Amino acid sequence: MSETFLYKYLNNPSPTGFETNGQQIWMEFLKPYVDEFITDVYGTVVAVINPGSDYKVVLEAHADEISWFVNYINSNGFIYLKRNGGSDHMIAPSKRVNIFSDNGIVKGVFGWPAIHTRKDGKETPPKLSNIFIDVGAENDDEVRAMGIHPGTVITFEDELTEVNEKYYCGRALDNRIGGYMIAKLGQRIYEEGWRPDYTLYLVNSVQEEVGLRGAEMISRRLAPDLAIITDVTHDTTTPMIEKEVQGDIRCGRGPVLTIGPSVHNVLHKFIVDICKKEDISFQYDAASRSTGTDTEAFAYSSTGVPSALISVALRYMHTTVEMCQKEDVEACIGLMTSAIKKLKKGQKFSYF
């Protein structure tokens, strides 16, 4: 059941600003295991366990994936793009795409000139200004007749697969693998018969990829007493990455615990102590200013919310072949489960 949910959830496109279908899949899975749902006007979904307590804990992931917008259709029917989030123009040529037109999904490809035809044999790198999509149209009128216009959203076609039976591989593991993990946690504690004596919010936020916007909105509405965020971070062991700059993070070494200004030191230590007592392998990461995750949105909400970040090491972020180890996913679920079970209603995380 969980594996079926994982593939259904990961394979469903959820572009930033258009996450609704993915959120419905997430809610459908969690419905038997939670008491109620909260939704907001932009599509963030909160699964609630034991509502009504005056002590509220958040476990959060973001639901959206990077994508593209149609920006311009030229007279020959070729489509030029704008980014929706941090989409990587370098990987676009020769990729297949789904275009979410007014008439349904239209198939297309990122075209690229054959090596034989490039001027004087010179290599022109892909740039946002020169990548384009071909939908097999003769002209711009034919493209528009397909229901495609500026603002139409586009995703890569690639779906979830596995590598060497150890890795999940595909697009949008950033960060729907996080949404999977908190949903799996909700299922697990229900089947174990455990319920918190506080209100537990499992939050699947929208629009992280364009500035943490969904988390900003829902953090103000929920006003939690603490928040644990889960996301992905960079495996730095692959070629072309400098560990001196990016740190030393590896798939297979367990959850990554970030230290940085937005991470509350006392809550962070609480999680580290759990790892040590339960012999859970983990890794440290350092954030000089911002973690680049929804941690900041919760930490700096209202008068401040003690927040911590638990991440999964990921290879090739913002590509169609993002990879993370299955064992790391299970370890993160286990760590978060232990953390919420050890929390006590009214527990304070304070420096003084």
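Here is a short chat about the largest pocket and the cysteines of a predicted model.

Biologist: How much space lies in the largest pocket, in Å³?

Modeller: Keep in mind that we're looking at a predicted model. The lining of this pocket takes in 25 residues, and Val232, Thr233, His234, Asp285 and Thr291 are the closest to its centre. As for the space in the largest pocket, the value is about 460 Å³.

Biologist: Which element gives the most to the lining of that pocket?

Modeller: Four elements are worth a look, since each supplies at least two lining residues: helix H6 (243-246) and strands E13 (226-234), E15 (283-286) and E16 (307-314). With four residues, the top contributor is E13.

Biologist: And how many of the lining residues are polar?

Modeller: Let's go through the classes for the largest pocket. Its lining has seven nonpolar residues and five charged ones. That leaves the polar class, and its count is 13.

Biologist: On to the cysteines: how many disulfides does the count come to?

Modeller: A pair of sulfurs has to be within 2.5 Å to qualify. For Cys169, the nearest cysteine sulfur belongs to Cys324, 9.4 Å away. Cys251 also has Cys324 as its nearest, at 7.0 Å, and is in no disulfide. The count of disulfides comes to zero.

Biologist: Is Cys251 buried or exposed?

Modeller: The cut-off for buried is under 20% relative accessible area. Cys169 makes it at 7%. Cys251 has a relative accessible area of 6%, so this residue counts as buried.

Technical notes. Residues are numbered from 1 along each chain as its sequence is written. This is a predicted model: local features need pLDDT of at least 70, side-chain atom pairs count only at pLDDT 80 or more; totals for chains, interfaces and linings use all residues. Side-chain values use heavy atoms; hydrogens and water are left out. On a 1 Å grid over the protein atoms alone, a cavity is a set of points where a 1.4 Å probe fits but cannot get out, and a pocket is an open set with protein on both sides within 12 Å along at least five of seven lines; lining residues have an atom within 4 Å of a point. Grid points are joined across faces, edges and corners, and a volume is the space filled by probe spheres set on the points. Ala, Val, Leu, Ile, Met, Phe, Trp, Tyr, Cys and Pro count as nonpolar, Asp, Glu, Lys and Arg as charged, and the others, Gly among them, as polar. Buried means under 20% relative accessible area, exposed over 50%, partly exposed in between (1.4 Å probe, protein chains only).
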